[in-house]
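Here are a few exercises to work through with the model open. Try each task yourself before you read the solution.

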Amino acid sequence: KEALKSFDYDLILMDISLKGDMNGLEFTKLLKKDACFKHIPIIAVTGHASPEDKQNCLKAGCAEFLSKPFVNSELLNKVETFLHKSI
């Protein structure tokens, strides 16, 4: 979280299977509770592709969901949508 304070981000690609103290869903929830970061859209990127996985990501605060493997154009379209909203 401290690393995010060093730059003004327009979008976060969140790997849901983060290793360490917390996974991507937990980190997303933490960011969405913080006034400094809650406005930043988060796209969940994960190998877990079930409808339940998608629902969990959206419920945690992710604005979009992208399961691996994905086509580059899929990612670019989602990113472009959010970047155009921030202009």
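**Exercise 1.** Work out the strand order of the open sheet in this predicted model, and find which strands stand at the edges.

*Solution.* Start with the order: three strands make an open sheet, arranged E1-E2-E3, with parallel pairing. Next, count partners. Strand E1 (12-15) and strand E3 (64-67) each have a single partner strand, so each has one side without a neighbour in the sheet, and these two are the edges. From one strand to the next, the twist averages 25°.

Now zoom in on one pair. E1 and strand E2 (residues 42-46) run parallel and are joined by four bridges. Pick Leu 13 as an example: its bridge partner in E2 is Ile 43. Finally, add the helix: H1 packs on the sheet and touches E1 and E2, with its direction at about 145° to that of E1.

**Exercise 2.** Is Thr 28 buried or exposed, and what does its side chain find as a polar partner?

*Solution.* First, place the residue: Thr 28 sits in helix H1, which covers residues 24-33. Then check accessibility. The relative value for Thr 28 is 0%, and buried means under 20%, so Thr 28 counts as buried. Now look for the polar partner: a polar atom of the Thr 28 side chain lies 2.8 Å from the backbone oxygen of Gly 24. Last, leave out residues up to four places away in sequence, and Thr 28 touches Met 14, Ile 42, Ala 60, Gly 61 and Cys 62.

**Exercise 3.** Decide how Lys 78 should be classed by accessibility, then list what it touches.

*Solution.* Lys 78 belongs to helix H3 (residues 72-85). Its relative accessibility is 19%, and the buried class is under 20%, so Lys 78 counts as buried. Skipping residues up to four places away in sequence, the contacts of Lys 78 are Ile 43, Glu 64, Phe 65 and Leu 66.

While you're in this part of the chain, look at the loop between E3 and H3, where Pro 69 lies. The peptide bond from Lys 68 to Pro 69 is cis, with omega near -10°.

**Exercise 4.** Which residues touch the most other members of the largest nonpolar core, and which element gives the most to it?

*Solution.* The largest nonpolar core has 15 residues, and Ile 12, Met 14, Leu 31 and Cys 57 touch the most other members. Go through the elements next: E1, H1, E2 and helix H2 (51-60) give two or more residues to this core. H1 gives the most, with three. Then there's a second, separate core of seven residues, including Ile 43, Leu 66, Leu 75 and Phe 82.

Technical notes. Residues numbered from 1 in each chain as written. Predicted model: local features only at pLDDT ≥ 70, side-chain atom pairs only at ≥ 80, totals over all residues. Heavy atoms only, no water. Buried < 20%, exposed > 50% of the residue type's maximum accessible area, 1.4 Å probe, protein only. Polar contact = N/O pair within 3.5 Å; in protein donor to acceptor, adjacent residues only side chain to side chain. Contact = heavy atoms within 4.5 Å. Pairing = 2+ DSSP bridges. Axes fitted to C-alpha atoms, helices over the stretch in contact; angles between N-to-C directions. Core = buried A, V, L, I, M, F, W, Y, C linked by side-chain atoms within 4.5 Å.
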